[in-house]
Amino acid sequence: MDNNKIIEKIQKVADENAKKYIRPAVLDLVYSEEQKDGSTDHYVLGSDMPHLIYRIFNEDSKGNIQEITDFKVITQKSAYYENTVKGTLKLVPPSVVETSDYEIMVENQLDNGSVEIKLKSSSNRNITMIESYRYFDYVSRIFFVGCVSTSFGGLYVFSLIGEGKHLRIINGSDPVVKPRLEMINELFQNRVLPSFLTIDAANKLLLDNKNKARVKLTDDKGKEVEFECNFCYDDYESKNRFAFLARVDNPAEGIIMLCDIFDNNKLILSNGWTDKQKEVAERVSKLLTDNRDEFNKHTCPFFVDNLDFRYEKFKKGELTSAPTSDNNQVKEKNTKAKKTKKK
């Protein structure tokens, strides 16, 4: 049977399987290998998947085809082709030597609220997937993007690179990435991972230093005063986040507020703090003055979720429902503001 006939039969099986997911994808045959039992394994790449693993269809001696769905088997066979077979072949499809970087061509917000992303590989292969989450971990400084294939539900995780114009397949075994990715995946599976609306919207927010959260407060004379947040400090000992805000009309004057990242980044004035939180605030303020290098290790220049705090809260059973999709808004408080001079 020639390759056109083979891929036609495989496509038919794949299209039937795709009914359980979002929509079919176009498959390309990469490699075929006869097995010891007389059957043949066919390796394919789809238009909804980057070059990382392959979908593998087994054809028996009678020409019947079924897809191998055991992920462990798929991974082993994909590694076998990459590490053992590919180097022995004189000619391989361009797709199997493409890099792990993919150019973002367009993001489409669909009617059902999901986001479709179209990518182009280094071999000029067009790939269409559905984004599942967009999460910036400021501790590792990695912007994680989860994407799902449309025809078989495979989840791929990328990092955003190149000023937000490219995605790069993440190596899950990297010692820096692995623990962060494990936490993210567990939170995502339990629907307690916040997500930006789109990659483009998040990237603009994170890169735009002028895009600072603002809050209006009432001073002790009853006058409404507007403040903007310059940066936040995460205190890992108390598991509190402190937001440092400056008056818009007089940046030399500012206040410190607690920031509840689990309640849409709600800000809490000092008159609502516990004695322990007040003690921590004094320590944090002293650190800002006396040891700026140490202070900077725990700061972020914008309102962004803290993965460690969120994960610990989830494991304690204190975080059980999906948060709002927009984790970069600040609830305005109309209350008394205690003024402090910025050091």
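## Report on a predicted model

At 63% relative accessibility, Arg191 counts as exposed, a term for residues over 50% relative accessible area, whereas buried means under 20% and partly exposed in between, with a 1.4 Å probe and protein chains only. The model is predicted, so that local features need pLDDT of at least 70 and side-chain atom pairs count only at pLDDT 80 or more, while totals for chains, interfaces and linings use all residues. Residues are numbered from 1 along each chain as its sequence is written, and side-chain values use heavy atoms, with hydrogens and water left out.

Arg191 sits in the loop between helix H3 (177-189) and helix H4 (199-207); helices (H or I, at least four residues) and strands (E, at least two) are DSSP runs, numbered from the N terminus. The phi of Arg191 is positive, near 60 degrees, in a residue other than glycine. Asn265, which is not a glycine, also has a positive phi, of about 55 degrees. The table sets out three loop residues.

| Residue | Loop between | Relative accessibility |
|---|---|---|
| Arg191 | H3 and H4 | 63%, exposed |
| Asn265 | S14 (253-260) and S15 (266-268) | 2%, buried |
| Ser95 | H2 and S5 (101-109) | 12%, buried |

Leaving aside neighbours within four places in sequence, Ser95 is in contact (heavy atoms within 4.5 Å) with Val30, Leu45, His51, Ser123 and Arg125.

Helix H2 covers residues 71-85, and at 1.5 Å a residue its 15 residues should span 21 Å, which agrees with the 20 Å between its end C-alpha atoms; the expected span is 1.5 Å times one less than the number of residues. Ile74, Lys77, Ser78, Tyr81 and Val85 are the buried residues of H2. Seen down the helix axis, these buried residues fall within an arc of 100 degrees, so they line one face of H2, the arc being that of the directions from the axis to the C-beta atoms. They pack against strand S1 (27-34), strand S2 (40-46) and strand S3 (55-59), while Phe71, Lys72 and Asn83 are exposed on the other side of H2.

A nonpolar core is a set of buried Ala, Val, Leu, Ile, Met, Phe, Trp, Tyr and Cys residues joined through side-chain atoms within 4.5 Å. The largest such core has 55 residues, and Phe158, Leu167 and Leu245 have the most contacts inside it. Apart from this core lies another, of 17 residues, including Tyr135 and Phe314. In soluble globular proteins, nonpolar side chains tend to be buried together.
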